[in-house]
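Reader: Please take me through the nonpolar core of this chain, and then through what surrounds it. I would like one connected account.

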Amino acid sequence: MLALHDTATGKVEPIVPRDVGRISMYVCGPTVYDVPHLGHGRFALVFDVLRRYAEFDGYEVRYVSNITDIDDKIITKAQQEGRTPEQVAEEFEGVWWSAMDSLGVARPYETPHATGYVNQMVDAIGEMASRGNAYEISDGVYFDTRAVKDYGLLALQAPETLAAGARVQSNAEKRSPLDFVLWKKAKPGEPSWPSPWGPGRPGWHTECVVMSLGLLGEGFDIHGGGADLAFPHHENERAQSIAMGKRFAHHWVHNGWVTVGGEKMAKSLGNYTSLSDFLSKSDPRAYRLLVLRSHYRSPLEVTPRTVKDAEEALSRMDAMSRRCGAGPTVDISGQYITRKDALALGALQDAVSRFCARMDSDLDTPGALAGIFELVKCGNTALDRGDAEEARRMALTVNALCAALGITLQNTDPGPSGVDAEDDRLVRERDQARADRDWARADAIRSELAKRGWVVEDSPDGTKIRKA
RNA sequence: GGCGGCGUAGCCGAGUGGUUCAGGCAGGGGCCUGCAAAGCCUUGUACAGGGGUUCGAAUCCCCUCGCCGCCUCCA
């Protein structure tokens, strides 16, 4: 049974779905005001893998992840560039999805946009106000955090100590420095929506409550996001839900940072690598592998060296799958493989069980990968001792388990489409040269093929080529 | 200031007190190969430092040092 660390209790707890056989999961998505960086990629990959694994394990997963398309940063950017906030949001949402596609992140079932839920947010704020848990001051409507007895749960701190540590000068009209804005009254030139408190826009913390409850219902199973969202964002969502008398997320899952030289990768520190930059230079699968090789709650150091390391490891898996003849893998982006599928394909039961045991244990992807690499070695060894069938089953298992993690192995020789007549001619000529023991000529042809972008490998069946 | 976390071999990175150094990458040696590539075998004797508990600690407790994060927008 799947168990995950819960930020609220600090312990690894079994996931007991609200609805039998179905897991409902909400993950805070990006604010689309700029290009996403590796840190955003990490959370997207972590939750993509959680989702894929739950599907693998036989659950139906309702996965919702939002797009924040109205926010101060979007407005500021739009003003600086003389565009509308809509144009800015649209542009960077496009960049986001294109990066997600490259990473092989499957689309959520629902991707609600904040601007599509303003009316519901106004209603929710009204509900909080009517219960006496929100109040209006000169620049907006605020949430009264004193309404929530255990405010600070996700920060693991008491409200008094949180308030004492507040580093930002508080609006003097606020009843407590911890109180947060629910509705921001519009200043001239700002986009706005009508409300009982005048034209304005919702504060950030309200959209996720409204959208998660609206799409997944009360008491949904998992709420996730980057560790920095635990407080105050998720705390404030929880508070609002309580203030409306609604049961909220049952389980809180937060992933750790991407770090650079030990420091958090962040826009404000300027130490970030954008996903597009990364993806234009490296195999997107390498980033997924890099993310999965560390535990999702640990910090993850990304350097050229660790990326190279991941690429080499990936090429080892590709090579094993290829030489052990697992056959073509389907492109699984956007699709899922289940445990049943894997076994039906011929994956080894024991290996699948071990894989699941690791994954069930707080998504131990490093352990799961270690198991896969053991299969890689066993398959190679089996092939070397001449047991092709055993090797093939190992390779099938590796393919299936990688697919469960969202990794598609590149294990096939290039099809007819990838090889032109000249390549084909060179391969035949080299085989002939080798048969004639004309090594000089065989080597010359190998160089020629290399120039044409192929890696040449000899095999019992003759010359094989694959893309460099 | 409050709270939380981290410090493991050349690098990355798991480790739930107890035979074999999780796994990957890089390096050395060997096998295979016409040479390569791919693969296999082999090689590493690590747990920040200091105390303590224990028959036994990387793993539990205490202290010290160093690093990071949250308390502000933030994945």
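Author: In this predicted model, the largest nonpolar core counts 86 residues. Those with the most contacts inside this core are Leu4, Phe56, Met100, Tyr287, Met317, Phe355 and Ile372. Helix α1 supplies the largest share, 11 residues. The core also spans domains: at least three of its residues come from domain 1 (3–260), and at least three from domain 2 (303–412). In general, nonpolar side chains of soluble globular proteins tend to be buried together.

Take Met100 in chain A. Setting aside neighbours within four places in sequence, Met100 is in contact with Ala44, Val105 and Leu275. A second core stands separate and has 41 residues. Ala114, Ile125, Ala243 and Phe248 are among them.

The domain assignment of chain A puts domain 1 at 3–260, domain 2 at 303–412 and domain 3 at 421–467. The centres of domain 2 and domain 3, taken over C-alpha atoms, are 29 Å apart.

Now the sheet that α1 packs on. Four strands make up this open sheet, in the order β4-β3-β9-β10, with parallel pairing. Strands β4 (60–65) and β10 (251–255) are at the edges. Each has a single partner strand, so one side of each lacks a neighbour in the sheet. From one strand to the next, the twist averages 20°. Helix α1 (residues 38–56) touches β3 (22–27), β4, β9 and β10. The direction of α1 makes about 175° with that of β3.

Look at one strand pair. Strand β9 (residues 222–226) pairs with β10 in the parallel sense, over five bridges. Within this pair, Gly224 is opposite Val253 of β10. Helix α7 (residues 230–243) lies across both β9 and β10. This helix runs at about 155° to β9.

Next, a loop residue beyond β4. Thr68 sits in the loop between β4 and α2 (72–81). Is Thr68 buried or exposed? Thr68 counts as buried, because its relative accessibility is 0%. Its side chain makes a polar contact of 2.9 Å with the side chain of Glu207. Residues up to four places away in sequence aside, Thr68 touches Pro30, Thr31, Val32, Ile74, Ala114, Trp204 and Glu207. One of these, Ala114, is also included in the second core.

Another open sheet has three strands, ordered β12-β11-β13, and its pairing is mixed. The edge strands are β12 (263–264) and β13 (300–301), each pairing on one side only. Strand β11 (residues 258–260) pairs with β12 in the antiparallel sense, over two bridges. There, Val260 has Glu263 of β12 as its bridge partner.

Three further strands complete this tour. Strands β5 (residues 134–137) and β6 (residues 140–143) run antiparallel and are joined by four bridges. They form a hairpin, with two residues between them. In this hairpin, Tyr135 has Tyr142 of β6 as its bridge partner. Strand β6 also pairs with β7 (residues 181–185), in the antiparallel sense and over three bridges. Here the bridge partner of Gly140 is Lys184 in β7.

To return to the start: α1 gives the 86-residue core its largest share, and α1 packs on the four-stranded sheet.

Conventions:
Residues numbered from 1 in each chain as written. Chains lettered and ligands numbered in written order. Predicted model: local features only at pLDDT ≥ 70, side-chain atom pairs only at ≥ 80, totals over all residues. Heavy atoms only, no water. Domains from an automatic or database assignment. Pairing = 2+ DSSP bridges. Axes fitted to C-alpha atoms, helices over the stretch in contact; angles between N-to-C directions. Contact = heavy atoms within 4.5 Å. Buried < 20%, exposed > 50% of the residue type's maximum accessible area, 1.4 Å probe, protein only. Polar contact = N/O pair within 3.5 Å; in protein donor to acceptor, adjacent residues only side chain to side chain. Core = buried A, V, L, I, M, F, W, Y, C linked by side-chain atoms within 4.5 Å.
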